[in-house]
Amino acid sequence: MRAFRLAVEKIDATAGEVFNIGGGPARTLSVWSEFGDLIARFKGNHVPVSYDEWRAGDQPCYVSDIRKADRVMDWSPSVEMEAGIEFLWEWIATLGRTVPPTPAPELPVREAVVT
């Protein structure tokens, strides 16, 4: 959210630009050898994982290059990785309990006019 606010505050420099917003090199993690353990801890039990064949386009490693966001907006990550993942987990966990489904609105039915 801070990156969005900074982008608005510095709109003269950010308008029309694209920024990578992520953890950068200091906050990388392996999806299932590290992230999976965190999710299992937050969930309270093991998370089953299955693997498939490598696909064209799969990335063996991804790290957000956040240097432009730092240079243009003076932005860098301010939340520790584990705390951010836990916050995300708690937010996702509340979605099903606190946000009731919104029923589709009743739309007026038009009568067909045959001439």
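A pocket, on a 1 Å grid over the protein atoms alone, is an open set of points where a 1.4 Å probe fits, with protein on both sides within 12 Å along at least five of seven lines; lining residues have an atom within 4 Å of a point. Grid points are joined across faces, edges and corners, and a volume is the space filled by probe spheres set on the points. Rolling a probe the size of a water molecule over the atoms shows where empty space is left.

The structure is a predicted model, in which local features need pLDDT of at least 70 and side-chain atom pairs count only at pLDDT 80 or more, while totals for chains, interfaces and linings use all residues. Residues are numbered from 1 along each chain as its sequence is written, and side-chain values use heavy atoms, with hydrogens and water left out.

## Pockets

The largest pocket holds about 820 Å³ of space. Its lining is made up of 27 residues, and those nearest the centre are Gly22, Gly23, Trp75, Val79 and Gly84. Helices (H or I, at least four residues) and strands (E, at least two) are DSSP runs, numbered from the N terminus. Helix 1 (2-9) and helix 5 (81-98) each give at least two residues to this lining. Helix 5 has the largest share, with six residues. By class, the lining of the largest pocket has 16 nonpolar, seven polar and four charged residues. For these classes, Ala, Val, Leu, Ile, Met, Phe, Trp, Tyr, Cys and Pro count as nonpolar, Asp, Glu, Lys and Arg as charged, and the others, Gly among them, as polar.

The second largest pocket has a volume of about 430 Å³. It is lined by 15 residues, with Ser30, Val31, Gln59, Pro60 and Cys61 nearest its centre. Nine of the lining residues of the second largest pocket are nonpolar, three are polar and three are charged.

## Chain and burial

The chain contains five helices and zero strands, so the order of elements from the N terminus is written α-α-α-α-α, following the DSSP runs. Of its 115 residues, 17% count as buried, where buried means under 20% relative accessible area, exposed over 50%, and partly exposed in between (1.4 Å probe, protein chains only). The accessible surface, from the Shrake-Rupley method with a 1.4 Å probe, comes to about 10,000 Å², and 58% of that belongs to carbon and sulfur atoms. Contact means heavy atoms within 4.5 Å. Among contacts between residues at least 6 apart in sequence, 82% join residues at least 24 apart.

Thr14 sits in helix 2 (residues 11-14) and counts as buried because its relative accessibility is 7%. Apart from neighbours within four places in sequence, Thr14 is in contact with Ala7, Phe19, Val72 and Met73.

In helix 3 (residues 31-43), the buried residues are Gly36, Leu38, Ile39, Ala40 and Phe42. Gly44, just after helix 3, takes a positive phi of about 100°. Most residues other than glycine have a negative phi. Asp74 has a positive phi of about 60° although it is not a glycine. Asp74 lies in the loop between helix 4 and helix 5, and counts as exposed because its relative accessible area is 60%.

## Salt bridges

A salt bridge is a side-chain nitrogen of Lys or Arg within 4 Å of a carboxyl oxygen of Asp or Glu. The structure holds five of them. Three are tabulated here.

| Salt bridge | N to O distance |
|---|---|
| Arg27 and Glu80 | 3.5 Å |
| Asp58 and Arg55 | 3.0 Å |
| Arg67 and Asp65 | 2.7 Å |

The side chains of Arg27 and Glu80 meet in a salt bridge. This pair links distant parts of the chain, 53 residues apart: Arg27 is in the loop between helix 2 and helix 3, and Glu80 is in the loop between helix 4 (67-73) and helix 5. Arg27 is partly exposed, at 22% relative accessible area, whereas Glu80 is exposed, at 54%.

In the Asp58 and Arg55 pair, Asp58 counts as partly exposed at 25% relative accessibility, and Arg55 is exposed with a relative accessible area of 56%. In the remaining tabulated pair, Arg67 counts as exposed at 60% relative accessibility, while Asp65 counts as partly exposed at 35%.
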